[in-house]
Amino acid sequence: MTTTAIRFDEVTLGYGRRPAVHHLDGEIAAGSLTAVVGPNGAGKSTLLKGIVGTLRPLEGQIRLGGAANAAIAYLPQAAEIDRSFPLSVYDLVAMGLWSRSGLFGSVSRKDRTRIEQALAAVGLIGFERRSISTLSGGQMQRALFARLLLQDSPVILLDEPFTAIDAKTTADLLDVVRRWHAEDRTVVAVLHDLDLVKRVFPQTLLIAREPVAWGETSGVLSAENLLKARRMVEAYDPHASACYRGAA
Ligand SMILES: Nc1ncnc2c1ncn2[C@@H]1O[C@H](COP(=O)(O)OP(=O)(O)OP(=O)(O)O)[C@@H](O)[C@H]1O
C-alpha cells in the first residue's frame, strides 16, 4: 500500500496577501522521486518553502504524513546560501548532525566516521579544512549534499541542485539522489533540465502558478503541457491580489 509523505489540500501560497501558487491539491507518495518543473516565476521555490514550513499557506493545508513529520532536509537555491560565513567544509557538513545532536552536542567517534563517509560519498576527502568561501560552485554543492546525507531525513527537498554545476558533479550528485530513492526516502527536486528529469525522475509536477499536470513524467512533459504552462505564466497578472480563477 502506498503511504502519503506530503498532502496538499487546496493550498494557496503567497507573499503578503498576494498568491504565488494556487489550487494545489494532491499528494506526494512516500518513497517517490518527484521533479517540480515550470517556467521562471511559476512558483516552484515557493512550493518548497511551503512544504518546509518557512511559508505558511494563505489558504488550505499542507500535511506531512508518517515519517515525513520528522525534520525535512532542504537545499535552497545556491543564491540563498551565504558563503562568506567563516566555516570549514568539515564544520558545514557536521551541521547535518544538529537535528540529532543539537547545536552544542559533542561529536562522537561514530559521528566522525559518518562525516567522513558523507565526505567520501560526494568526493570531498581532502577538503575538510578548506574554508567554504574558497570552494568552487560544484565543490560547495558537493559539501551541501554531504550535509544532507548526514541529516538522514525521510524527506529531502532540493531547489535547482544542478544549476551551474558541471556534468561530472551532476552525475556524482545524481548517484546520491538515486541512493536516497533506493532507501525509500521521498525526494522532491526543482529542476530546469527536462532531459535529466526524463532520465532520472519517474514523477513530475508541472506548475505555472497552479498545477498544469502531475503524474508520470513521460505524460506530464508533453509539448502541449509545456506550452500551456508557458502561456499560463505569461498571462498571469503579478499584481492580482485575488484568485484569478475565481475572479474569471
Ligand atoms: N519573498 C518574496 N516576496 C514577494 N514575492 C515573491 C517572493 N519570493 C518569490 N516571490 C514571487 O512569487 C512568484 C513565484 O516565485 P518563485 O521563486 O517561487 O518561482 P520559481 O518557479 O521558483 O522561479 P525560478 O524558476 O525563476 O526560480 C514570483 O512572481 C516571485 O516574484
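Two strands count as paired here if DSSP finds at least two bridges between them. I need that for my first lookup: in β2, Val11 has Leu24 as its bridge partner. I'm working on a predicted model, so I keep that in mind throughout.

**Entry 1: the three-stranded sheet**

I went on from that bridge to the strands around it. β1 (residues 4-15) and β2 pair in the antiparallel sense, and I get 8 bridges for them. Which order do the strands take in this open sheet of 3? I read β2-β1-β4, with antiparallel pairing. At the edges I find β2 (18-29) and β4 (59-64), each pairing on one side only. On average, neighbouring strands of this sheet are turned by 20° against each other, direction ignored. I also looked for a helix on this sheet: α1 packs there and touches β1, β2 and β4. The direction of α1 makes about 120° with that of β1.

**Entry 2: the six-stranded sheet**

Next I traced an open sheet of 6 strands, in the order β5-β6-β7-β3-β8-β9, and its pairing is mixed. β5 (73-75) and β9 (211-216) have a single partner strand each, so one side of each lacks a neighbour in the sheet. The average turn between neighbouring strands of this sheet comes out at 10°, direction ignored. Helix α1 (residues 44-52) turns up here as well: α1 packs on this sheet and touches β3 (33-37), β5, β6 (155-159), β7 (186-190) and β8. Against β6, the direction of α1 makes about 150°.

**Entry 3: the β8/β9 hairpin**

I zoomed in on one end of that strand order. Strand β8 (residues 203-207) pairs with β9 in the antiparallel sense over 5 bridges. I noted two residue pairs: Leu205 stands opposite Trp214 in β9, and Thr204 stands opposite Gly215 in β9. How many residues lie between β8 and β9 in the hairpin? I count 3, and Arg209 in the turn has a positive phi of about 70°.

**Entry 4: helix packing around α5**

I took α4 (residues 109-121) against α5 (residues 137-151) and got an angle of about 135°, with the axes 9 Å apart. α4 and α5 are therefore oblique to each other, and their crossing is right-handed. From α4, the residues Arg114, Ile115, Ala118, Leu119 and Ala121 meet Ala146, Leu149 and Leu150 of α5. Sorted by class, that contact has 7 nonpolar residues, no polar ones and 1 charged.

Then I turned to α6 (residues 167-182). α5 and α6 pack at about 5°, with their axes 11 Å apart. Parallel or antiparallel? Roughly parallel, since angles under 35 degrees count that way. On the α5 side I listed Gly138, Gln141, Arg142, Phe145 and Leu149, which meet Thr169, Leu173 and Val176 in α6. This contact of α5 with α6 divides into 4 nonpolar, 3 polar and 1 charged. I spotted Leu149 in both lists: it meets α4 and α6.

**Entry 5: the ligand shell**

Last lookup: what sits around the ligand? I find 11 residues surrounding it, the closest being Tyr15, Asn40, Lys44, Ser45 and Thr46. Which element gives the largest share of this shell? That's α1, with 3 residues. By class, I sort the shell into 4 nonpolar, 6 polar and 1 charged. So α1 goes down in my notes three times: on the three-stranded sheet, on the six-stranded sheet and in the shell around the ligand.

Note on methods
Residues are numbered from 1 along each chain as its sequence is written. This is a predicted model: local features need pLDDT of at least 70, side-chain atom pairs count only at pLDDT 80 or more; totals for chains, interfaces and linings use all residues. Axes are lines fitted to C-alpha atoms, for helices over the stretch in contact, and angles run from 0 to 180 degrees between N-to-C directions. Helices (H or I, at least four residues) and strands (E, at least two) are DSSP runs, numbered from the N terminus. Angles under 35 degrees count as roughly parallel, over 145 as roughly antiparallel, 65 to 115 as roughly perpendicular and the rest as oblique. A crossing is left-handed if the near helix is turned anticlockwise from the far one by less than a right angle, and right-handed if clockwise. Two residues are in contact if their C-beta atoms, placed from the backbone, lie within 7 Å. Ala, Val, Leu, Ile, Met, Phe, Trp, Tyr, Cys and Pro count as nonpolar, Asp, Glu, Lys and Arg as charged, and the others, Gly among them, as polar. A residue is near a molecule or strand if its C-beta atom, placed from the backbone, lies within 6 Å of it.
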